[in-house]
Amino acid sequence: MRYLFALFLMASPALGDHIAANSVIRARQVILAEHLTVLAGDVATGYEDASELIGKEATLMIARGRPILRGYVTEPALVERNDIVEIVYESSSLSIKVEGRSLSRGAIGEKIRVMNLSSRSTVFGTVGADGRVFVR
C-alpha cells in the first residue's frame with residue numbers, strides 16, 4: 001500500500017502539444033502557416049507555438065508528420081550567393097560604398113564573404129537589414 005501511495009505522489013510528465021510539418025518542407029524553404037499542424041505529445045526540443053516558426057527558413061528537409069525541432073530552422077537568408085550587393089565601409093569621417101558580389105548566402109547579422117567588383121578583392125562583412133554588407 002505504501003508503494004501505491006508513492007506512485008500517486010510522483011509527478012507524471014505533463015503532455016503538451018508540439019508543432020509538426022503538415023506537408024514536406026524542403027531545405028531553404030520559408031515556413032508558412034499552411035505547412036504546420038499541431039500534434040499531441042511533448043517533444044523535448046520541439047516548438048509549441050507556431051508563431052515562432054512562421055517566416056523562418058528550414059535548414060534541412062522536414063518530412064510530413066515529423067516534429068519541427070529547434071535546430072531545423074533559422075532566420076531566412078537575405079543575401080543569396082552571387083547576388084550583387086552594396087559593400088559599405090564606414091569610419092568616423094569616412095564612408096566608402098562599392099558594388100560587390102556575395103560569395104555566400106546569409107541572413108541579417110551573419111558574416112559572409114563578398115568580392116569587390118572593381119578591385120576583385122575578397123572581404124568579410126556583416127549583412128545589414130537592408131541587404132547591404134558592412135565591412136569593419
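**Getting to know a predicted chain**

Biologist: Which share of the contacts with a separation of 6 or more comes from residues 24 or more positions apart?

Modeller: Keep in mind that this is a predicted model. Here we set aside contacts with a separation under 6 and ask about residues 24 or more positions apart. In the protein chain, their share is 43%.

Biologist: Nice! What order do the elements of the protein chain run in from the N terminus on?

Modeller: Start by counting: there are 1 helix and 9 strands. The helix comes at the start of the run, and the strands follow. Written out, the order is α-β-β-β-β-β-β-β-β-β.

Biologist: Which element has the lowest mean pLDDT?

Modeller: The mean pLDDT of the whole chain is 88. Strand β7 (residues 111-116) has the highest mean among the elements, at 97. At the other end, with a mean of 48, is helix α1 (residues 2-9).

Biologist: How many contacts beyond four places in sequence does the model have for residues 4-9?

Modeller: Over residues 4-9, pLDDT stays under 50. Where pLDDT is low, the predicted coordinates should not be read in detail. With that caution, the number of such contacts in the model is 0.

Biologist: Is L94 buried, partly exposed or exposed?

Modeller: L94 sits in the loop between β5 (84-90) and β6 (95-102). Together with Y89 and I96, L94 makes a nonpolar surface patch of about 250 Å². Its relative accessibility is 42%, and the class between 20% and 50% is the one in between buried and exposed. Therefore L94 counts as partly exposed.

Technical notes:
Residues numbered from 1 in each chain as written. Predicted model: local features only at pLDDT ≥ 70, side-chain atom pairs only at ≥ 80, totals over all residues. Heavy atoms only, no water. Patch = residues over 30% accessible without salt bridge, like charges linked within 9 Å, V, L, I, M, F, W, Y side chains within 5 Å. Areas by Shrake-Rupley, 256 points an atom, 1.4 Å probe, with all protein chains shown as cover. Salt bridge = Lys/Arg side-chain N within 4 Å of Asp/Glu carboxyl O. Helix = DSSP H or I, 4+ residues; strand = E, 2+ residues; numbered from the N terminus. Buried < 20%, exposed > 50% of the residue type's maximum accessible area, 1.4 Å probe, protein only. pLDDT = per-residue confidence, 0-100. Contact = heavy atoms within 4.5 Å.
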